[in-house]
Amino acid sequence: SDIGPQKERVVTEEEWLQKWEMGNIGFHKEQGHPLLQKYLDVLLNGRSGLRIFFPLCGKAVEMKWLADMGHSVVGVEVSEQAVKEFFSEHSLPYCEEPVPEISGAKMFQSTSGNISLYCCSIYDLSSSIVGKFDGVWDRGALVAVNPCDRQRYASLMISLVEKNSSYLLVTVSYDPNKHKGPPFYVPESEVQSLFG
Ligand code: SAH
């Protein structure tokens with residue numbers, strides 16, 4: 001598992017915003033992810049009314065799906081366009097408010113109150129701002145984080161989950177010499193060392 005070729009690669013926030021502006025968002029899927037359906041029981045573990053976190057959420061349709069099942073969904077995404085498209089594409093009324101603890105950040109919340117999307121960098125969040133979560137859906141998140149930021153990302157995620165939480169992580173397996181990413185190749189051994 002040679003991750004060498006991708007180690008130094010950096011995608012800036014500006015580049016992510018541009019991807020959204022250009023509609024260069026091949027990562028977005030209109031259909032709910034089959035692995036979330038497959039492992040939903042693992043995520044829920046018999047519990048209801050969970051707080052579920054979507055790091056680097058984009059406009060993932062699974063947020064609506066889980067909210068409709070009675071869970072409370074919190075996401076974080078740098079692109080305000082993505083956040084607004086999420087609400088408009090699901091015809092969900094929302095309000096927006098500043099986040100006092102984070103300069104420049106806004107929180108977009110569905111009027112029904114069960115979906116809250118923070119528009120800022122994930123690295124601006126902490127459990128004192130967003131609380132702790134019972135479940136995490138990490139698809140297109142760890143694999144989208146710059147390789148040099150993985151340790152920081154993993155430590156932050158660990159600080160945002162409750163003791164009895166479930167964390168579903170989707171990675172992709174491919175030869176990192178052949179694509180520059182994202183999504184980046186995160187070998188299983190690295191997942192182990194990041195999350196233990
Ligand atoms: N998880 C989503 C989106 C994956 S693409 C899905 O499954 O469809 C990665 C997303 O992370 C992009 O929308 C990008 O704008 C966002 N992003 C990149 N860096 C970020 C950061 N530091 N904080 C918050 N969002 C970020």
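Helices here are DSSP runs of H or I with at least four residues, numbered from the N terminus. Helix α1, residues 13-22, is one such run, and Glu 21 is found in it. The model is predicted.

**A negative patch**

Glu 21 is exposed, with a relative accessible area of 60%. Glu 21 also belongs to a negative surface patch. The other members are Glu 13, Glu 14, Glu 15 and Asp 124.

**Salt bridges**

Side chains of opposite charge can pair when their charged atoms come close. How many salt bridges does the structure have? The count comes to eight. Three of them are set out here.

| Pair | Closest N to O |
|---|---|
| Lys 59 and Glu 89 | 2.8 Å |
| Glu 80 and Lys 84 | 2.8 Å |
| Glu 96 and Lys 106 | 3.2 Å |

Take the pair of Lys 59 and Glu 89, joined in a salt bridge. This pair links distant parts of the chain, 30 residues apart. Lys 59 lies in the loop between β1 (51-54) and α4 (62-68). Glu 89 lies in helix α5, residues 80-89. Is Lys 59 buried or exposed? Buried means under 20% relative accessible area, and Lys 59 has 7%, so Lys 59 counts as buried. Glu 89, at 41%, counts as partly exposed.

Next come Glu 80 and Lys 84. Both lie in helix α5, four residues apart, which is about one turn of the helix. Glu 80 is partly exposed at 23% relative accessibility. Lys 84 is partly exposed too, with a relative accessible area of 32%.

Glu 96 pairs with Lys 106 in a salt bridge. Glu 96 sits in strand β3 (residues 94-98) and Lys 106 in strand β4 (residues 106-110), so the pair ties together parts that are 10 residues apart in sequence. Glu 96 counts as partly exposed at 38%. Lys 106 is partly exposed at 26%.

These last two pairs belong together: Glu 80, Lys 84, Glu 96 and Lys 106 are linked in a network of salt bridges.

**Cysteines without disulfides**

A disulfide is a covalent bond between the sulfur atoms of two cysteines. This structure holds zero disulfides. Why is Cys 57 in no disulfide? A disulfide needs two cysteine sulfur atoms within 2.5 Å, but the nearest one to Cys 57, that of Cys 119, is 8.9 Å away. Cys 57 counts as buried, at 6% relative accessibility.

Cys 119 is in no disulfide either. For Cys 119, the nearest cysteine sulfur is that of Cys 120, 7.1 Å away. Cys 119 also counts as buried, at 9% relative accessibility.

Definitions and conventions: Residues are numbered from 1 along each chain as its sequence is written. This is a predicted model: local features need pLDDT of at least 70, side-chain atom pairs count only at pLDDT 80 or more; totals for chains, interfaces and linings use all residues. Side-chain values use heavy atoms; hydrogens and water are left out. Patches are made of residues with over 30% relative accessible area and no salt bridge: like charges are joined within 9 Å, nonpolar side chains (Val, Leu, Ile, Met, Phe, Trp, Tyr) within 5 Å. Accessible areas come from the Shrake-Rupley method with a 1.4 Å probe; for residues, only the protein chains shown count as cover. A salt bridge is a side-chain nitrogen of Lys or Arg within 4 Å of a carboxyl oxygen of Asp or Glu. Lys and Arg count as positive and Asp and Glu as negative; His and the chain ends are not counted. The place of a charge is taken as NZ of Lys, CZ of Arg, CG of Asp or CD of Glu. Helices (H or I, at least four residues) and strands (E, at least two) are DSSP runs, numbered from the N terminus. Buried means under 20% relative accessible area, exposed over 50%, partly exposed in between (1.4 Å probe, protein chains only).
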